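Me: Please pick out one part of this structure and take me through it slowly, explaining each term when it comes up. I am in my first year, so I would rather have one long, connected account than a list.

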Amino acid sequence: MSAQVIELSRASSGRLALLGTGTVGTAFVARYQALQARGLALPPFRWLANSRAVLACDGAPERPLHEVKRAPRLTAAAAPWKQADSLRAGDVVVDATASESVAAEHALWLARGVHVVTANKLGQGAQQQRAAQIAAHCADSGARYGDSATVGAGLPLLSSLRALVEGGDRIHRIEGVLSGSLAWLFHRYDGSEPFSVAVREALAAGFTEPDPRLDLSGEDVRRKLLILARASGLGLADGQVQVDSLVPAALAMLPHAQALEQLTQLDAPLHQRWLHAREAGQVLRFIGRVEAGAARVGVQSLAADHPLASGAGTDNRVAIHSDRYHDQPLLIQGPGAGAEVTAAALLDDVLRIARTQTTERR
């Protein structure tokens, strides 16, 4: 393919554009084709893109996906998909990236009547102003914002919170294990081996980001907590979340390659915490917690029978405390990581939008 950008012809509304061709984007295309083969009515693809190129898609997306992933890497910062911005009202753009520049476009697309379906947490999990713009443009244009994949990889967390609020319930507190990678690490770590060994295992298994400090810093959990808080009516600005990072300052400052060599800096602090928890008959879990005006992210020692102490693998486990669930919280648990479950959540939102549009046209 000689050019990074291919001219796209104008197409009828109600088509699909995919941004991001990594593991989630690839899983999205695979699931899209599987659902099509089962006869489900899905919007046809218009184009798909990554940071290298954008390709028109007039039929099955598998071949354009393969080609766009092989496009030459650009030498300078660029956004080829902006040059193919033929999206119109009624189209659906799927953001399978973690890009700040893509998230900055969400509100603009919604203002034009373009539906947005996203796994990118930087839309509603970043600045409060951006989250407010997303909500305002949805209300003004009627476009929909599908964000099921941003927290819990599609577990019914956001939908449950919104249903409770719409039904008149008041949410008092949300707390949970919100990171699949950190859930796995703290289920795996038993003090018999250094914590850095478990981190390397998680990295090799693909549970963490290529730079595991991104997981260990708690930043991912902070963003998810903001999204949950904003969905439940708990007013929270992005600066109101206190984050207790697991990454020592000296390790945080190192270049990526050096940091991977120095992961043993994690070991002594975590082992001390583990010893204190064991002496108290407790376990360590990485928890995000939010209530009105306050939020915190970090490691906590929990009683073995605490609602958030169980679970396994990469499971997310979230407790919702409200007027309705006052004496005993509502617990939601399930796989909280993985390209396949994230892609399924994205397609679920696409299908909901497509069905709503069909109903509205009748």
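**Two helices and their sheet**

Reply: Begin where helix α6 touches helix α10: Leu-158, Leu-161, Arg-162 and Val-165 of α6 meet Ile-227, Leu-228, Ala-231 and Ser-232 of α10, where contact means heavy atoms within 4.5 Å. Sorted by type, the residues of this contact are 6 nonpolar, 1 polar and 1 charged; here Ala, Val, Leu, Ile, Met, Phe, Trp, Tyr, Cys and Pro count as nonpolar, Asp, Glu, Lys and Arg as charged, and the others, Gly among them, as polar.

Before going on, please keep in mind that this is a predicted model, in which local features need pLDDT of at least 70 and side-chain atom pairs count only at pLDDT 80 or more, while totals for chains, interfaces and linings use all residues. Residues are numbered from 1 along each chain as its sequence is written, and side-chain values use heavy atoms, with hydrogens and water left out.

The names of the elements follow DSSP: helices are runs of H or I with at least four residues, strands are runs of E with at least two, and both are numbered from the N terminus. Helix α6 covers residues 158-166 and helix α10 covers residues 219-232, and the two pack at an angle of about 25° with their axes 8 Å apart. The axes are lines fitted to C-alpha atoms, for helices over the stretch in contact, and angles between N-to-C directions run from 0 to 180 degrees. α6 and α10 are therefore roughly parallel to each other, since angles under 35 degrees count as roughly parallel, over 145 as roughly antiparallel, 65 to 115 as roughly perpendicular and the rest as oblique. Where α6 passes α10 the crossing is right-handed, the name used when the near helix is turned clockwise from the far one by less than a right angle, with left-handed for anticlockwise.

Both helices also belong with a sheet. Its 6 strands form an open sheet with mixed pairing, in the order β8-β10-β9-β7-β11-β12, and two strands are said to pair if DSSP finds at least two bridges between them. In general, strands of a sheet pair through backbone hydrogen bonds, either parallel or antiparallel. The edges are formed by β8 (241-243) and β12 (330-335), each of which pairs on one side only. On average, and with direction ignored, neighbouring strands of this sheet are turned by 25° against each other.

To look closely at one pairing, take strand β7 (residues 171-177) and strand β9 (residues 282-291), which pair in the antiparallel sense over 4 bridges. Arg-173 stands opposite Glu-291 in β9.

Now place the helices on these strands. α6 lies across β7, β11 (315-322) and β12, and runs at about 170° to β7. α10, in turn, lies across β7, β8, β9 and β10 (294-303), running at about 45° to β9. Strand β7 thus appears in the list for α6 and also in the list for α10.

Another helix pair can be set beside this one. Helix α1 (residues 23-37) and helix α2 (residues 62-69) pack at an angle of about 170°, with their axes 10 Å apart, and are therefore roughly antiparallel to each other. Thr-26, Val-29 and Gln-33 of α1 make this contact with Glu-62, Leu-65 and Lys-69 of α2, and its residues divide into 2 nonpolar, 2 polar and 2 charged.
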